[in-house]
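Work through the exercises below with the sequence and the coordinates at hand, and try each task before reading its solution.

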Amino acid sequence: MPSPFPGMDPFIEGQRWEAFHTMFIVGIQEVLMPQLVPRYIATIEERLIVEYETEIGVSERVIVPDVFIVEEFPSPPSVVTVTATTAVAEAVQVVAQIAEKAKEVKIAELPEYEHLERFIEIRVRETGELVTVIELLSPANKQKGNIGWHLYLRKRREIFYSKVHLVELDLLRGGERLPIVEAPQTDYLALISRWEWRPRAVCVGWNLKDVLPTLPVPLKGRDEWVKVDLQSVFNTVYERGGYRYLLDYRRPVEPPLKDEDKVWVEE
């Protein structure tokens, strides 16, 4: 059965996010491949996040920053109206703070928590050149100060200093919004950062009551794009995963809704 909501189902975030995250990434890859071949391929990659409970009750890990050669980027086209921060200064600062704090903290022999974060890489098929990264943010990426936040900011910074495009999807209402200057104050957000435009980018925002948008995904050529209909991907994932039967619609929505949205959802 289809979702009872026109766009994102707010019950997924608090009940079935981890499985949904994986299925949504797979759904995007399936939509992309017919548009990309034979010149490009889209692969699903993953990174392992390991969090240790320390003696002071927080997750710590030392991250050593990389050294980059910064190039002069061409000016962005005039159609771009939203500026995205590279978060370089913030990333360097938090890395230094973690490294300094870790000198005084011993990781106790306590259980560790591991989870995989999956993302998509688009590459030139013949050469293997990385062209575009598509990220779907997880709750760990939006918990400011924890290892998932720092690791993702580091990867984001590396992409921003490269000739690789980034498409970043935030389908989570909860957590801390990642650094973006002048981002729309909406429930959900997509950042499209084509490397030639940096430090500027395009932000697409929408709310709980809205249909998910169709997004352009940049490729190697300056005017080369493909499209991803996020609503179509969501509909497929929702039905394939049987979320109408897996979700408990009697439970309160987590994180809590705004009053006007709560009335709408209950109706």
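**Exercise 1. The nonpolar cores**

In this predicted model, the largest nonpolar core has 44 residues, and those with the most contacts inside it are Phe-20, Phe-24, Ile-28, Leu-32, Ile-122 and Leu-169. Determine which helix supplies the largest share of this core, and which residues of H2 are buried.

Solution. Start with the origin of the core residues: the largest share, 7 residues, comes from helix H2, which spans residues 17–36. Next, go through H2 and pick out the positions with a relative accessible area under 20%; the buried residues are Trp-17, Phe-20, His-21, Phe-24, Ile-25, Gly-27, Ile-28, Gln-29, Leu-32 and Leu-36. The spacing in such a list can be read against the geometry of a helix, since an α-helix has 3.6 residues a turn, so residues three or four places apart point the same way. As a check on the helix itself, H2 has 20 residues and reaches 28 Å from its first C-alpha to its last, close to the 28 Å expected at 1.5 Å a residue. Finally, take Phe-20 as an example: leaving aside neighbours within four places in sequence, Phe-20 is in contact with Met-8, Ile-12, Phe-234, Val-237 and Tyr-243. Apart from the largest core lies another core, of 17 residues, among them Tyr-152, Leu-153, Val-164 and Ala-183.

**Exercise 2. Strand S4 and its partner**

Establish why strand S4 is described as largely enclosed by the rest of the structure, and in which sense S4 and S5 pair.

Solution. Count first: 6 of the 7 residues of S4, residues 130–136, are buried, so this strand is largely enclosed by the rest of the structure. Then turn to the pairing, where S4 and strand S5 (residues 165–170) run in the parallel sense over 5 bridges, with Ile-134 standing opposite Val-167 in S5. To trace the connection, follow the chain from S4 through helix H4 (residues 147–160) to S5, a β-α-β crossover that is right-handed.

**Exercise 3. A lysine in the crossover helix**

Decide whether Lys-155 is buried or exposed, and find which residues Lys-155 is in contact with once its neighbours within four places in sequence are left aside.

Solution. Locate the residue first: Lys-155 lies in helix H4. Its relative accessible area is 16%, and because the cut-off for buried is under 20%, Lys-155 counts as buried. With the sequence neighbours within four places left aside, the contacts of Lys-155 are Arg-47, Phe-119, Val-133 and Glu-135.

Technical notes. Residues are numbered from 1 along each chain as its sequence is written. This is a predicted model: local features need pLDDT of at least 70, side-chain atom pairs count only at pLDDT 80 or more; totals for chains, interfaces and linings use all residues. Side-chain values use heavy atoms; hydrogens and water are left out. Buried means under 20% relative accessible area, exposed over 50%, partly exposed in between (1.4 Å probe, protein chains only). Helices (H or I, at least four residues) and strands (E, at least two) are DSSP runs, numbered from the N terminus. Two strands pair if DSSP finds at least two bridges between them. A crossover is right-handed if, with the strands pointing away from the viewer, the path from the first strand over the helix to the second runs clockwise. Contact means heavy atoms within 4.5 Å. A nonpolar core is a set of buried Ala, Val, Leu, Ile, Met, Phe, Trp, Tyr and Cys residues joined through side-chain atoms within 4.5 Å. The expected span of a helix is 1.5 Å times one less than its number of residues.
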